[in-house]
Structures are given as C-alpha cells and as structure tokens.
Amino acid sequence: MTEQSTIKGLLLLLVKGNRWYYLWLASLVLLILTGACAYRVQFDRGLIVTNMRDQVSWGLYIANFTYLVGVAAAAVLLVIPAYLYNWKPIKEIVLLGELLAVAAIVMCITFVMIDLGRPDRFWHLLPKIGRLNWPQSMLAWDVVVLNLYLLLNLLISWYVLSNLYRGTAPNKTLFWLLICLSIPGAVAIHAVTSYLYGGLPARPFWNASIMAPRFLASAFCSGPSLIILIFQVIRKFSPLKVADEALFKLAEMVGWSMFVNLFLLGAEVFKEFYSNTWHVSHIQYLFFGLHGKTQLVPFTWTAIAFNVTSLCILIYPRTRKNLFTLNGACVMMLIGVWIEKGLGLVNPGFTPTPLGEIYEYLPNLREITISIGVLAFGLLVYTVLLAIAIPIQTGDFRARTDPP
C-alpha cells in the first residue's frame, strides 16, 4: 500500500461511523464553537469579564489544568502492569490510556493559554523562542515537562500503531527506552505542577512538602476512574474488547490510591488544626468558613463524602466487581477529586489574602462556557485518535501485503 493510499485510508476512518458517531462529533463541534464565542469576549476585554480578581487570580481554568494533569499522569497506572509485568488484559488496552494522556495534555496547554491575561505574549512559553525564565520559574519547568510528556506519548502511540499497521515487531530496545522514560515523565508532570503551588512561600496553604504526594495520590484516583468509564463506552460502541478483569484491577488500584489520598489529607488537617497557628485560617475557611463566609463549605464536605463512599465501594471486592456500583464510585470519585483539586485547592490558597481580605470566588457563566468548550475540544481530539487507533488495533485497517 502506498503512502498516498494510507493517508486516504486514515481520512476515511475519520468519517466512517453511524449516526450516533456523527451526532457526537456535531455536539462537540457545537460546544467548541460556543466556547470560542465566549472566549472572543474575554480576548477583547480581558480577564475582567471573569470572576477572577486581584485577590483570587487563579480560578476555574487553573483548577481544570491541575485536574487534567492528573488525568494525563494516570496513564502510568496502565503502563506499569502492561509493560513491566506483561499483564495481558491491560496490555491490550494500554494504548487507549496513552491516547487519553495525549488529549488531556492538549486540554492542559489550552487551559493555560486561555488563562493568560495577555494572550499576545503566549510565545514566551515556547522554549528557545520566548523568554521562558528557565530554570528559575516553576511555570517554565511545567511547560517543558508537559511538552516532553506530550511528545513522548505521541511517539509511543505512533510507534505501536505503525508497527501494528505494517504487521512488524517493534524494536525492543527503542520501545523499552520510550516506556522507561514515560514512567518518570508521568510522575514529573504532576510533581512539577504541585511545585507551582508549593513553591509559593507567601501562600502557606500550598507551601507544604506533602503537596506533591497528595497530587500524585489524587491523580491515580481521578484519571483511572475516567479511564474505567471511557473503556466501557468504547467496548459498547466499537469492536474492541475490554475485559472486565482489566477494569476491576484498575478499580482496585484506584481504591488504594484513594486510601492514601485521604490519609495524606488527614495528616494535613491534623497538622493545621493541632498546631493552630495563624496559617489555620485557610483550612478553617475550607472546612467551616471564616468570618461568616461559608461558600466553599458545602463543596468541601460533598467531596469528602463522595471520596469516602467511593473508597468503601472500591475496597470491598463484591461492590468493586459490580459494574453498577463500580460506575457510581467512579463518578463520585471524579466529582470529589475535582472539588478537592479545583475549588478546594485554588480558592483557600488565596483566602484570606496576606492583607486579611476574603473574596469568595465562583466561576461565572462565561468561564464555565469556555471551559466546556476546551473539554469538548479535548474529547474531539481523543475521538479522532480512537477512530484511527481502534481499527488498527483490531486488525480492520492494515497495510496490504502485495503477493511476491
């Protein structure tokens, strides 16, 4: 098969589908366009059209960025059992997890871009082109590791798919080198993101050495929970088989990750309330409110209730291996961890301010519309990648071997 016919075949894969596939694509495009229209106003008038202010300068965009970095890092939970332990049920689907990491990183970078107050200066984020202030700036480190991790996942996915397409065996040395680099890469993207917060000494709520382990533990909860739900959709609407055994093993790892996450949260709560210094005001605002300001309190306790309930479901084998309770636990965990790493992480770090001010931030409709547009863009990217990857993996799209 010539290169030209291969490209033509790939393009045909993108447009091949039933009416539900087209309806899905049309819905995503509509959400992206709606988000783009909302961003157009922000682009013209600046961040003043959001609810972010000097007191709370990071909002929904950075919260989503932080959350999605964890989703991208979660691919490592598939890579380790699949490649290091050669566990077949997960090895057959690990590629889908790496493609999800690619889509998640694309969303992360997009959220950083729309959070820029001066988007005309975005090129300063580009290494060698802009003034990245590397290595002093943690943001510069984050940009570097995110782009390297994106490149690494694209390389691994492309290498696996191209070998499957041609029916050839991959070079083991090169393949293992890429896999071995992806594992510390997954840890690095989330650890460096946590240092963005932990490296700010004027923000005592974030300035804690426990921040990086907490980020990783929560990442290994939310990311695989999303993967479990997505894999069930994929096996329902495509010929690719995803074994229940793989889902249950992932769920078990998610359960223990949530146990560690809650333990680390408990350790932090104990330290703050038992020492009872001036710094306790941030976590007091989060859990009980401060000076009559209680906007975050219902979210906080909802997140804890969801995380504890999902932990109980996933630790107990009988409920973990029931798809109804398993899916319920995954949905609760997605919501609980998003609140914990979104509103529950960003807002209390700014509240109260070093001057003692309390500005209660909640995103407005424009921020929510733009964020939904970015999430729809990420889902569109993942859908396109799956539309190409699944036929190659199932053998429906392979290079034609000409007879000798």
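This passage walks through the pockets, cavities and a few side-chain contacts of a predicted model.

Start with the open spaces. The largest pocket takes in about 1400 Å³. Its lining runs to 43 residues, and those lying nearest the centre are Trp24, Val233, Ile234, Thr383 and Leu386. Helices H2, H3 (60-73), H6 (94-114), H9, H14 and H16 (365-394) each put at least two residues into that lining. H16 has the largest share, at 13 residues. As for chemistry, the lining of the largest pocket splits into 32 nonpolar, nine polar and two charged residues.

Next comes the second largest pocket, with a volume of about 430 Å³. Here 18 residues form the lining, and Tyr83, Lys91, Val160, Pro170 and Phe175 are the ones nearest the centre. At least two lining residues come from each of H4, H6, H7 and H8, with H7 giving the most, namely four. The class count for the second largest pocket is 11 nonpolar, four polar and three charged.

Now for the closed spaces. Two cavities of 30 Å³ or more turn up. The largest cavity holds about 240 Å³, and of the 19 residues around it, Arg214, Leu265, Leu286, Glu340 and Gly344 are the closest to its centre. Several helices meet at this lining: H9 (211-237), H10 (244-275), H11 (280-287), H12 (297-315), H14 (323-341) and H15 (343-350) are the elements giving two or more residues. Sorted by class, the lining of the largest cavity has 11 nonpolar, four polar and four charged residues.

The second largest cavity comes in at about 40 Å³. It is lined by Ala75, Val76, Val79, Tyr149, Asn153, Ser182, Ile183 and Ala186. Helices H4 (76-84), H7 (138-166) and H8 (172-198) each supply at least two of these residues, and H8 gives the most, with three. No charged residue appears in the lining of the second largest cavity, which is made up of six nonpolar and two polar residues.

Some of these helices show up in more than one lining. H9 and H14, for instance, contribute to the largest pocket and also to the largest cavity. Likewise, H4, H7 and H8 serve the second largest pocket as well as the second largest cavity.

On to the aromatics, where the structure holds 15 ring pairs. Take Tyr39 and Phe43: their ring centres are 6.1 Å apart and their planes make an angle of 55°, so this pair counts as tilted. The two residues are separated by about one helical turn, because they sit four residues apart in helix H2 (residues 19-45). Phe43 has a relative accessibility of 45%, so it counts as partly exposed.

Ring pairs also tie Trp58, Tyr197, Trp206, Phe215 and Phe350 into a cluster. Phe215 has a charged partner too: the charged end of Lys341 sits over its ring, 4.7 Å from the ring centre.

Last, a charged residue in helix H10, Glu272. Is Glu272 buried or exposed? Its relative accessibility is 6%, so Glu272 counts as buried. The side chain of Glu272 makes a polar contact of 2.9 Å with that of Lys271.

How values were computed: Residues numbered from 1 in each chain as written. Predicted model: local features only at pLDDT ≥ 70, side-chain atom pairs only at ≥ 80, totals over all residues. Heavy atoms only, no water. 1 Å grid on protein atoms, 1.4 Å probe; cavity = no way out; pocket = protein on both sides within 12 Å on 5 of 7 lines; lining within 4 Å. Points joined across faces, edges and corners; volume = space filled by probe spheres on them. Nonpolar A, V, L, I, M, F, W, Y, C, P; charged D, E, K, R; others polar. Phe/Tyr/Trp six-rings, centres within 6.5 Å; stacked < 30°, edge-to-face > 60°. Buried < 20%, exposed > 50% of the residue type's maximum accessible area, 1.4 Å probe, protein only. Lys NZ or Arg CZ within 6 Å of the ring centre and 35° of its normal. Polar contact = N/O pair within 3.5 Å; in protein donor to acceptor, adjacent residues only side chain to side chain.
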